[in-house]
Protein chains: 2
Amino acid sequence: MTTTPTADWLRLDQQICFSLNAASRAFGGVYRVVLKDLGLTYPQYLVMLVLWEHGDLPVKKLGEHLRLDSGTLSPLLKRLEVAGLVRRERSARDERSVEVRLTEEGAALRERALQVPRRIATATGFDVDEIRELRARLDQLTEALDAAAVEEAAAE
Amino acid sequence: MTTTPTADWLRLDQQICFSLNAASRAFGGVYRVVLKDLGLTYPQYLVMLVLWEHGDLPVKKLGEHLRLDSGTLSPLLKRLEVAGLVRRERSARDERSVEVRLTEEGAALRERALQVPRRIATATGFDVDEIRELRARLDQLTEALDAAAVEEAAAE
DNA sequence: CACAATTCAATTGCACACAACTAAATGACG
DNA sequence: CGTCATTTAGTTGTGTGCAATTGAATTGTG
């Protein structure tokens with residue numbers, strides 16, 4: 001409705017990306033505290049979530065669920081292996097593929113993790129519906145941004 | 001309305017943090033493309049935004065605007081200095097402090113950066129009001145999370 | 001079967017983010 | 001004036017995140 005002067009577009013406090021970035025790091029701070037007893041970082045926790053839900057998976061599939069590539073996952077999985085939570089085994093059927101398997105200890109950790117999402121949800125100060133609403137918005141945003149990134153890259 | 005079984009809280013697709021993380025990285029992807037001609041990364045762009053808006057600042061103040069500490073800013077500012085966009089000079093009044101100053105080149109870059117926010121805004125697929133709404137939500141979220149992190153940490 | 005294209009994980013290099021620590025400078029207080 | 005707590009950058013170490021490359025294994029095609 002109001003026309004915005006071009007220079008104002010540069011004002012930091014109008015930058016949606018900055019708010020997103022700040023929220024993302026604020027989440028990181030809460031997760032750091034909450035996950036400390038589990039001995040997990042936030043990305044490691046995400047990997048464990050996927051394994052708990054879907055069972056053993058090759059690295060590739062794991063990456064698809066998390067939108068992460070092997071450059072990120074390889075060292076992360078090695079740390080989880082050192083921690084005794086997963087094993088990595090070459091697939092017999094396809095020697096290129098590496099299966100990530102939960103150990104007993106890794107599977108057992110799930111019990112202690114059950115309380116995490118509720119603690120996080122409480123920390124947001126949002127109720128379930130507000131969280132759902134925000135999630136939908138963010139997913140919509142991600143979809144649009146991914147599409148735009150492809151277009152921008154193609155325009156080079 | 002519906003009571004959610006505890007186990008479902010662990011389902012990845014319900015994780016607000018995951019959506020936020022995904023959106024944050026999707027933004028990163030668009031910014032990477034858009035900022036490539038400017039020779040800036042996204043965090044470097046944020047630093048330049050602050051300097052363009054507020055003028056020369058000590059590292060400390062810069063960090064307060066961006067919620068970043070010297071461990072992140074020091075190497076980042078060195079890269080901006082190598083790129084010729086800023087100078088870092090010990091304050092005469094307080095030898096502990098380092099003033100970050102825009103060079104001619106750094107100040108000039110602002111002209112080329114003016115188009116960036118609009119390209120980003122277009123990439124989101126949201127109109128101005130939707131962006132404002134989402135920003136408000138995210139800022140509210142960040143505030144709640146920061147407060148919760150302090151409480152959780154204090155509860156140790 | 002042979003050979004090119006593809007797939008997949010790992011590695012390398014670069015750039016954050018943040019905790020913990022160091023070191024220098026300042027300021028407050030006795 | 002001297003001492004000590006505080007402030008401020010910088011450094012180090014760990015852990016992502018991603019682009020680019022490598023190398024091995026597989027698949028598709030003739």
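Here is a short conversation about two protein chains and a DNA strand in a predicted model.

Local features here need pLDDT of at least 70, side-chain atom pairs count only at pLDDT 80 or more, and totals for chains, interfaces and linings use all residues. Residues are numbered from 1 along each chain as its sequence is written, chains are lettered from A and ligands numbered from 1 in the order in which they are written, and side-chain values use heavy atoms, leaving out hydrogens and water.

Student: By what turn can chain A be laid on chain B?
Tutor: Let's superpose the copies by least squares on the C-alpha atoms of residues with pLDDT of at least 70 in both. The RMSD is 0.1 Å and the shift along the axis is 0.0 Å, with a turn of 180°. The two copies are thus related as by a two-fold rotation axis. The turn you asked for is 180°.

Student: Which class gives 14 residues to the surface near DNA strand C?
Tutor: A residue is near a strand if one of its heavy atoms lies within 4 Å of it. Ala, Val, Leu, Ile, Met, Phe, Trp, Tyr, Cys and Pro count as nonpolar, Asp, Glu, Lys and Arg as charged, and the others, Gly among them, as polar. Six residues there are nonpolar and eight are polar, while 14 are charged.

Student: Which residue of chain A has a side-chain N or O atom 3.0 Å from a phosphate oxygen of DNA strand C?
Tutor: Good one! A backbone N or O atom of V59(A) lies 3.2 Å from a phosphate oxygen of this strand. For the side-chain atom at 3.0 Å, the residue is R88(A).

How values were computed:
Polar contact = N/O pair within 3.5 Å; in protein donor to acceptor, adjacent residues only side chain to side chain.
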